[in-house]
Amino acid sequence: MRERIFISVILVLLIGILWSNASSAQGVTGTVKGHIVDASGVGVSGMTVALSDTSKGSTRSVTTNASGRFQLQLAPGTYVLKSSGSGYTEVTVEQVSVNIAAVTELSIPVQDSAIEEIVTYGTPTELLATATGETSLNISLEELSRVPVPRNIESVALLAPGTVPGIKGWGYKYAKDKTLVSFGGASVAENVYYIDGLNVTNFRNGMGGSSVPFEFYEQFQIKTGGYSPEFGRSTGGVLNATTRRGSNEFEYGIVTYYEPEFGQGSPPDTLRPDGSYYDINSKDSESSLKTDLYVGGPLIKDHLFFFVLYEPQDSSSEYAWRESVDRFSKERTEDDFWGGNLTWNMTDNHSLSYTAFTDERGIVEDVFDFDIANKTTGDKMGSSTYFRGGQNQILRYDAKLTDKFFVSALAGKNESNITDRASTDIDCPLVADVSDSAISFRPGCEVSFGVYTGSDEREAYRVDLEYYIGNHTLRAGFDREDNLSFNEETYSGLSLTPNLPGGAYYRYETWDVGDQLQNGAIVPDIDGDGSRVDVVRFRYWDFGGSFDTVSRAWYVEDKWEINEAFTLSLGIRNETFENFNGVGELFFDIKDQWAPRLALSWTPGGLSNQRVNLSWGRYHLPIMALPTITFGSADFDYFRYFVFDGNRDAITAAPVAIDADGIPTTLELGSTFFITDGSVPEARGSLDTSLKPMYQDEWIIAYERDFGDDWVAGIRYVNRELQSLIEDVLTWQGLEAIGFPGVIDYSQPCTYVMTNPGTDINTFCDSDGDGMLEETSIPADALGYPKAQRTYEAVELTVEKSFSNDWALQGSYTWSKNKGNTEGSVKSDIGQSNANLTQDFDFPQLMDGAYGYLPNDRRHKLRLWASYQPTDRLSLGANLFAQSGRPINKFGISHPDGTPGYGDTFYLQQPDGSFEFVPRGTWGRTDWITQLDLAAIYSFSWGDSAKVELRAEVFNVFDGHGTQQVYEGYEWRPDQFELPMEYQQPRYLRFGAAIRF
């Protein structure tokens with residue numbers, strides 16, 4: 001009873017400490033738990049257990065409790081364990097591996113000191129970890145070096161069960177050079193990235209995060225489910241990594257990797273039914289050369305260490321534009337990476353570290369004319385530079401205050417640039433031609449759609465505490481993130497509009513006499529013979545502002561070892577998100593998002609070689625910055641229509657007859673149509689005041705068994721269900737249903753409202769046209785939207801043989817089913833990367849037929865990787881991947897209830913006026929993707945101090961060309977329907993060389 005009271009007091013004290021201004025390093029240490037037993041298997045109390053990192057000259061020690069158990073929190077690495085105590089012989093365990101954010105459990109027998117024998121174990125008897133319900137892949141850079149894997153953290157994530165690759169056709173602004181991954185049926189924008197405990201996720205739309213060169217990483221942990229309450233802000237997975245540190249041993253080296261153009265395969269060209277080119281893949285090529293130079297060692301032996309790495313790189317690619325195949329791009333990335341770390345072991349129990357790195361890069365794209373017939377490039381049209389990445393700084397403190405009390409703290413800064421600049425921004429406006437006489441959709445000289453300036457900056461602070469008492473491990477933590485986004489967008493052609501802040505967009509169209517234009521004007525009979533009329537639309541747009549987001553969270557957790565067979569983990573996480581618009585007005589304010597986590601671990605019969613885990617948890621996803629930018633920016637957007645006289649500039653394709661502001665001087669049709677007036681919209685008009693957070697529930701049951709001889713196998717069932725989504729919805733039909741007295745068109749401030757689809761909306765509308773907003777309630781039935789649905793079920797089979805007898809094997813097979821009416825925060829089947837602002841739920845008609853198999857539904861996935869070392873110098877590696885195809889939609893633009901204003905429906909209108917209903921994902925599937933990668937590594941010593949490594953790798957050995965994505969907009973472009981938009985990456989080679997001193 002006293003112990004229970006004491007535990008309760010400790011929990012209260014920990015919660016109180018959380019609200020101080022300390023900060024924490026999340027998921028960057030590991031835990032060693034052990035049981036010291038005598039010859040009869042009884043736990044031995046009072047034993048001193050010391051774990052030493054000989055490379056850094058540090059030692060941490062602890063005393064076993066009454067049942068012979070001990071627990072220590074340590075930085076990842078390899079340790080020497082020594083146990084000693086009165087009446088027992090000292091035991092040394094030479095290698096104890098501690099992994100990032102993982103638990104290493106040991107059973108260590110000791111002998112009576114009367115026996116004149118000292119037993120030294122090379123490795124301990126390691127038990128299957130209990131007290132955790134999470135599913136994760138822990139792997140080090142050393143282990144990855146034995147098998148062929150692309151050198152980025154997302155490729156490491158794809159080794160884990162339940163992960164599938166995302167498409168490559170996302171918007172260029174956010175994921176131009178990133179691989180993206182879907183975890184457990186979630187969209188690719190629902191993951192969280194950590195480097196050395198700092199959250200480096202792209203908080204603008206959730207797609208990807210900061211990255212560092214492979215050689216700068218030390219360990220990786222990929223969490224696919226069941227993770228503890230210290231991790232949040234994710235309904236997908238966690239990509240967690242630590243970076244390298246210096247030690248007492250001075251080291252330096254050069255590592256280089258070359259991926260040449262020669263030896264590359266090529267997918268086939270894609271042709272439309274009429275024989276014209278849709279995509280000329282045969283001209284695609286890529287190459288890269290990356291060299292890492294690193295040095296590390298002691299500044300003060302046993303206390304102060306450094307490690308620095310510099311990577312110059314030269315990467316390039318070439319490709320013809322899909323659909324607009326008369327243009328050709330050559331891209332290159334030449335910016336260098338630098339990063340470093342200082343670690344100060346003040347004492348054995350106190351450590352301070354500082355890590356800094358930059359992933360700043362500029363991706364330069366040169367655009368050329370392209371001769372389709374001869375497949376040759378012509379004159380250069382211009383260049384664009386896409387600036388990405390930024391500076392990162394991480395300050396960490398880790399301490400063992402007592403044998404039972406540990407604390408870690410973190411303060412960090414993460415920056416990212418999202419700016420696009422083109423050489424044609426000044427002189428070339430955006431021009432589109434959809435008129436009857438159009439030869440090219442984009443006939444002008446511009447090479448980008450607009451001028452875009454963006455930046456994101458995160459400041460993060462957190463603290464984590466851990467306390468051991470009896471059979472309980474109590475953990476608690478608090479974190480805060482202050483995020484700032486800047487955004488400015490306009491059209492190109494700035495020199496044509498010198499008196500306006502932005503550029504111009506000219507669109508050539510052809511209309512029938514009597515047609516009504518969007519501004520209400522009626523097309524006149526210009527030629528007097530009823531012939532169609534050429535029109536040019538002039539559009540001006542200026543959009544942007546600065547936006548703050550504050551995110552806070554705290555958690556508490558108790559891991560209770562009930563007895564030898566059962567361990568129970570109970571935790572809860574609380575999160576709060578506040579987003580502010582362009583004038584500092586509170587936009588989103590979501591408090592008290594309670595996320596309970598529960599895990600039960602059972603070792604049947606008390607046997608240490610098997611375990612059953614059951615976990616249940618709730619996971620929240622924060623609102624990204626993008627919805628606030630979209631709804632909370634100062635936005636000036638209007639267009640005007642003019643009769644086109646047929647004369648346009650030969651280079652820019654702009655009309656010749658324009659004034660000093662770039663506005664056409666020919667006959668104007670109607671008046672200016674203002675979409676927005678340049679002010680920041682009042683937040684109340686686009687927000688549901690009853691908005692609930694986006695969250696998902698997950699439960700997992702798993703069985704794992706150690707079969708001895710280094711073999712472990714397991715089976716796992718995973719169930720995830722999305723409970724709430726945040727999206728923007730059109731309110732017009734709801735306003736009409738309730739008899740709303742105000743105007744119902746795009747001038748209505750509450751036209752689009754951020755809400756939880758399928759629920760009632762409480763918002764503010766202008767009911768009498770006076771510009772003042774009145775509170776308005778719209779029932780869910782009147783709106784007509786279904787509730788957001790997404791379920792994921794999976795059965796995972798895993799197997800692992802650790803490296804012994806010269807070989808190792810690891811892998812998994814996953815059977816899964818992913819169904820619902822929404823993919824999540826982004827929409828990959830049409831390439832929408834605007835988080836929480838996709839076309840889903842924009843009109844009720846778009847959701848009719850939307851329930852079905854979702855884009856990330858890959859029913860079967862097999863991944864096996866192995867290494868074999870036939871000699872001391874030669875190592876061979878293989879990586880086998882097989883995955884079934886994704887569902888295909890046959891999108892229409894019509895609906896029996898009336899065609900929506902835009903978007904893709906699941907109805908196709910027939911010539912007789914009837915409709916064909918083609919629900920989501922029922923038109924078939926893309927190809928199976930099968931790929932084998934091979935590696936050969938030859939290493940040898942050079943002199944007494946250097947090790948040389950040479951490697952050759954082949955990816956996609958058999959040059960498979962499986963289709964990963966097809967064009968699904970049947971009624972938009974029937975001639976392009978089901979044409980491949982993305983093939984699997986063709987065969988390519990990689991050569992590597994390293995010399996390490």
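Buried means under 20% relative accessible area. That cut-off runs through the views below, which are drawn from a predicted model.

**View 1. A salt bridge joins two buried residues, Asp53 and Lys56.** Asp53 and Lys56 are both buried. Their side chains meet in a salt bridge, N to O at 3.8 Å. Side chains of opposite charge can pair when their charged atoms come close. Across the model, the count comes to 59 salt bridges.

**View 2. Lys380 and Asp366 bridge two strands.** The side chains of Lys380 and Asp366 meet in a salt bridge of 3.4 Å, N to O. This pair links distant parts of the chain. Lys380 lies in strand β27 (residues 376–389). Asp366 lies in strand β26 (residues 361–371), and the two residues are 14 residues apart. How buried or exposed is each partner? Lys380 has a relative accessible area of 49%, so Lys380 is partly exposed. Asp366 has 10% relative accessibility and therefore counts as buried.

**View 3. Arg442 and Glu446 form a buried pair, and a network is formed by other residues.** The salt bridge between the side chains of Arg442 and Glu446 spans 2.7 Å, N to O. Arg442 is buried, and Glu446 is buried too. Elsewhere, salt bridges that share partners build one network. Its members are Arg233, Arg458, Arg462, Asp464, Asp479, Glu481, Arg573 and Glu575.

**View 4. Four glutamates form a negative surface patch.** The patch consists of Glu142, Glu143, Glu218 and Glu800. Glu143 sits in helix α2 (residues 141–144). Its relative accessibility is 36%, so Glu143 counts as partly exposed. Residues enter a patch with over 30% relative accessible area and no salt bridge.

**View 5. Helix α5 is largely enclosed.** Helix α5 covers residues 625–632. Seven of its eight residues are buried, so the rest of the structure largely encloses the helix. Which residues of α5 are buried? They are Ala625, Leu626, Pro627, Thr628, Ile629, Phe631 and Gly632.

**View 6. Strand β1 is covered on both faces.** Strand β1 (residues 30–37) is mostly covered, with eight of its eight residues buried. One side carries Gly30, Val32, Gly34 and Ile36. The other side carries Thr31, Lys33, His35 and Val37.

**View 7. Strand β1 pairs with β4 and with β7.** Strands of a sheet pair through backbone hydrogen bonds, either parallel or antiparallel. With strand β4 (residues 69–74), β1 pairs in the antiparallel sense over six bridges. With strand β7 (residues 103–109), β1 pairs in the parallel sense over seven bridges. What are the bridge partners of Val32? In β4 the partner is Leu72. In β7 the partner is Thr104.

**View 8. Five strands form an open sheet with mixed pairing.** The strand order is β10-β15-β16-β13-β14. The edges are β10 (135–140) and β14 (198–199). Each edge strand has a single partner strand, so one side of each is left without a neighbour in the sheet. Within the sheet, strand β15 (residues 217–225) and strand β16 (residues 238–243) pair in the antiparallel sense over six bridges. Ile222 stands opposite Leu239 in β16.

Note on methods. Residues numbered from 1 in each chain as written. Predicted model: local features only at pLDDT ≥ 70, side-chain atom pairs only at ≥ 80, totals over all residues. Heavy atoms only, no water. Patch = residues over 30% accessible without salt bridge, like charges linked within 9 Å, V, L, I, M, F, W, Y side chains within 5 Å. Areas by Shrake-Rupley, 256 points an atom, 1.4 Å probe, with all protein chains shown as cover. Lys, Arg positive; Asp, Glu negative; His and termini not counted. Charge placed at Lys NZ, Arg CZ, Asp CG, Glu CD. Helix = DSSP H or I, 4+ residues; strand = E, 2+ residues; numbered from the N terminus. Buried < 20%, exposed > 50% of the residue type's maximum accessible area, 1.4 Å probe, protein only. Pairing = 2+ DSSP bridges.
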